[in-house]
Amino acid sequence: MSINVVKSSMPPYEEFCGEIKDLWDSRWLTHTGPKHQKLEKGLIDYLKVKNVSLFSNGHMALELALNALELEGEVITTPYTFASTTQAIVRNGLTPVFCDIREDDYTIDADKIESLITEKTCAILPVHVYGSVCDYKRIDEIAKKYNLKVIYDAAHAFGVEINGKGVGTLGDMSMFSFHATKVFHTVEGGGLTYSDNSLNDKFARIRQFGMKGQESVTVVGTNAKMTEMHAAMGLCNLKHIDEEISKRKKAFDRYIERLSGIESIKLLKIKQCVKHNYSYFPVVFDGYKYSRDEVAEILAKNDIFARKYFYPLTSEFEVYQNRFDIQSTPIAKSVSEKVLTLPLYADLSVEEVDKICDLVLK
Ligand SMILES: *Cc1c(COP(=O)(O)O)cnc(C)c1O
C-alpha cells in the first residue's frame with residue numbers, strides 16, 4: 001500500500017446516507033438550503049467567528065473576497081504558498097507584490113512589508129501557511145497606518161486558535177478551504193469569515209450571478225454556490241473534527257519525537273499561544289546528508305509520496321516568467337528548494353510514521 005502526502009477523511013458511510021436522505025423528498029439540492037444554513041451556523045460556532053459565507057471552493061471564496069472589497073492596485077503577499085493565493089490576486093486585475101517570509105515559521109515577514117508599500121498598495125494578503133499564524137499584530141498596525149485591507153488565506157488553518165481567539169477573526173476577512181485534502185472538508189468547498197455584517201448580503205448575491213431576488217441584478221456576479229450535498233458532507237465531517245485533529249496530532253508528535261535533535265533537519269515549531277490543527281508536516285533539509293530531492297526519491301522508491309510544498313514559488317510559475325524578481329524573496333526561494341512535506345493525515349499510523357522516519361534517517 002502506498003502512502004500519499006494527504007488522504008481524505010470520510011465520515012461513516014451510514015452517517016452520510018442519513019444526512020442526505022431528506023434531500024430525496026425535499027429536492028432542495030442547492031441555493032442556500034437547510035444544510036447550507038446549518039453548516040454556516042456550525043462553522044460560526046466552531047471557528048469562533050461572527051459571520052461565515054460558504055462557496056463552491058476556497059479559491060472562488062478568495063477571488064470573491066478581493067472582488068467584494070472593490071480593490072484596485074497592488075496587493076502585498078507571499079510567494080511561498082499554493083497557486084490559488086497569487087492567481088486570485090491576478091484574476092482580480094490586481095498586481096501581486098511579493099514579500100519575503102520568516103525563517104522560523106515560513107509566514108510573511110511583517111517587518112519587510114512597509115518597505116514594499118507604494119501609493120498603489122490597497123491590501124495585504126498573507127497566508128497562515130501550514131497552520132502557523134502570521135504576525136497579525138504587526139500586520140494590523142501596518143494596515144491601520146496605511147489604510148490597507150487585510151485578507152488572510154487561512155486555507156491551512158481550520159480550527160486554529162491564537163490566545164483562544166479563532167484565527168478567522170483576524171484582519172478584514174479570512175478564507176478557509178474545505179477541499180477534500182484539508183483538515184475539514186466538504187469534498188470541494190470554501191468559506192469566508194469576517195465581522196462586517198453587510199458583507200453577508202453582498203456575498204449571497206455575488207455567488208448567485210449578482211442577483212437579488214428574481215428580477216433584480218445589482219452586481220457583476222458569478223456562480224460559486226455550495227450545494228446541499230456538499231454541505232451535508234461538511235455537517236458529517238464537522239461532527240468528527242476534534243477526533244480528526246487529535247488523530248493528526250498523534251502522527252505529528254511521533255514525527256517530532258523521531259526527527260528532532262538533528263540540526264540539519266528543521267521541523268515546524270508550534271507557538272505556545274496557538275491551538276494548532278496539525279495540517280501538514282513540512283521538513284527543511286539544510287545541510288543534511290541527503291538533499292530534499294534525494295529524500296523524496298528514497299521515499300518514492302518505497303511507495304511513499306511526500307510533496308514539495310511549496311516549490312516552485314508562485315512568483316516563479318511559467319505563466320509569470322520574467323515578471324517578478326525572485327531575488328527579492330531570498331528566504332522563500334531557499335526554503336522552497338529545501339522543503340519536503342511528509343505524509344500527514346488522520347489515519348496515518350505511528351508504525352507508518354516510523355517507517356517514513358526510518359527511511360529518512362537511514
Ligand atoms: C487549498 C488551498 C487553497 C484553495 O482552496 P480550494 O478549496 O482547493 O480552492 C488556497 N490557498 C491555499 C494555501 C491552499 O492550500
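## A tour of two domains and their salt bridges

Start by selecting Lys35, which is buried, with a relative accessible area of 6%. The model you have open is a predicted one, so keep that in mind as we go. Now add Asp22: the two side chains form a salt bridge, 3.1 Å from N to O. Lys35 belongs to helix H3 (residues 34–47), while Asp22 sits in the loop between helix H1 (13–20) and helix H2 (23–26), 13 residues away in the chain. Unlike its buried partner, Asp22 counts as partly exposed, at 42% relative accessibility.

Next, select Lys48 and Glu161, whose side chains meet in a salt bridge of 3.2 Å, N to O. Lys48 is in the loop between H3 and strand S2 (51–55) and Glu161 is in strand S7, so this pair ties together parts 113 residues apart in sequence. Here Lys48 is the partly exposed partner, at 43% relative accessibility, and Glu161 is buried at 10%.

Then move to Asp293 and Arg292, another salt bridge, with the closest N and O atoms 2.7 Å apart. Asp293 is partly exposed at 39%, whereas Arg292 is buried at 3%. For a group view, select Asp111, Glu114, Arg138, Glu141 and Lys145: salt bridges with shared partners join them into one network. The structure holds 28 salt bridges.

Time to zoom out. Colour domain 1 (13–239) and domain 2 (241–361) separately, following the domain assignment. Their centres, taken over C-alpha atoms, are 24 Å apart. How many residues of each domain are in contact with the other? Domain 1 brings 41 and domain 2 brings 34. Between them about 3,300 Å² is buried, 59% of it from carbon and sulfur atoms. Select Tyr106, Tyr130 and Val183 to see the three residues that supply 22% of the area domain 1 buries against domain 2, more than any other three.

Two salt bridges cross this interface by the rule, and 19 residue pairs are in polar contact across it. On the domain 1 side, H5 (83–91), S4 (95–98), S7 (161–162) and H8 (228–239) each supply at least two residues. H5 gives the most, with four. By type, that side divides into 21 nonpolar, eleven polar and nine charged residues. Also select Asp105 and Lys271, a salt bridge of 3.4 Å, N to O.

Finish at Ser264, in the loop between helix H9 (241–259) and strand S13 (265–267). Is Ser264 buried or exposed? Ser264 is buried, at 15% relative accessible area. Beyond its close sequence neighbours, within four places, Ser264 contacts Val284, Phe285, Asp286, Gly287 and Tyr288.

Key: Residues are numbered from 1 along each chain as its sequence is written. This is a predicted model: local features need pLDDT of at least 70, side-chain atom pairs count only at pLDDT 80 or more; totals for chains, interfaces and linings use all residues. Side-chain values use heavy atoms; hydrogens and water are left out. Domain bounds come from an automatic or database domain assignment. Contact means heavy atoms within 4.5 Å. Buried area is the accessible area (1.4 Å probe) that two parts lose on being put together, summed over both. A salt bridge is a side-chain nitrogen of Lys or Arg within 4 Å of a carboxyl oxygen of Asp or Glu. A polar contact is a pair of N or O atoms within 3.5 Å; within protein, one must be able to donate a hydrogen and the other to accept it, and residues adjacent in sequence count only if both atoms are side-chain atoms. Ala, Val, Leu, Ile, Met, Phe, Trp, Tyr, Cys and Pro count as nonpolar, Asp, Glu, Lys and Arg as charged, and the others, Gly among them, as polar. Buried means under 20% relative accessible area, exposed over 50%, partly exposed in between (1.4 Å probe, protein chains only).
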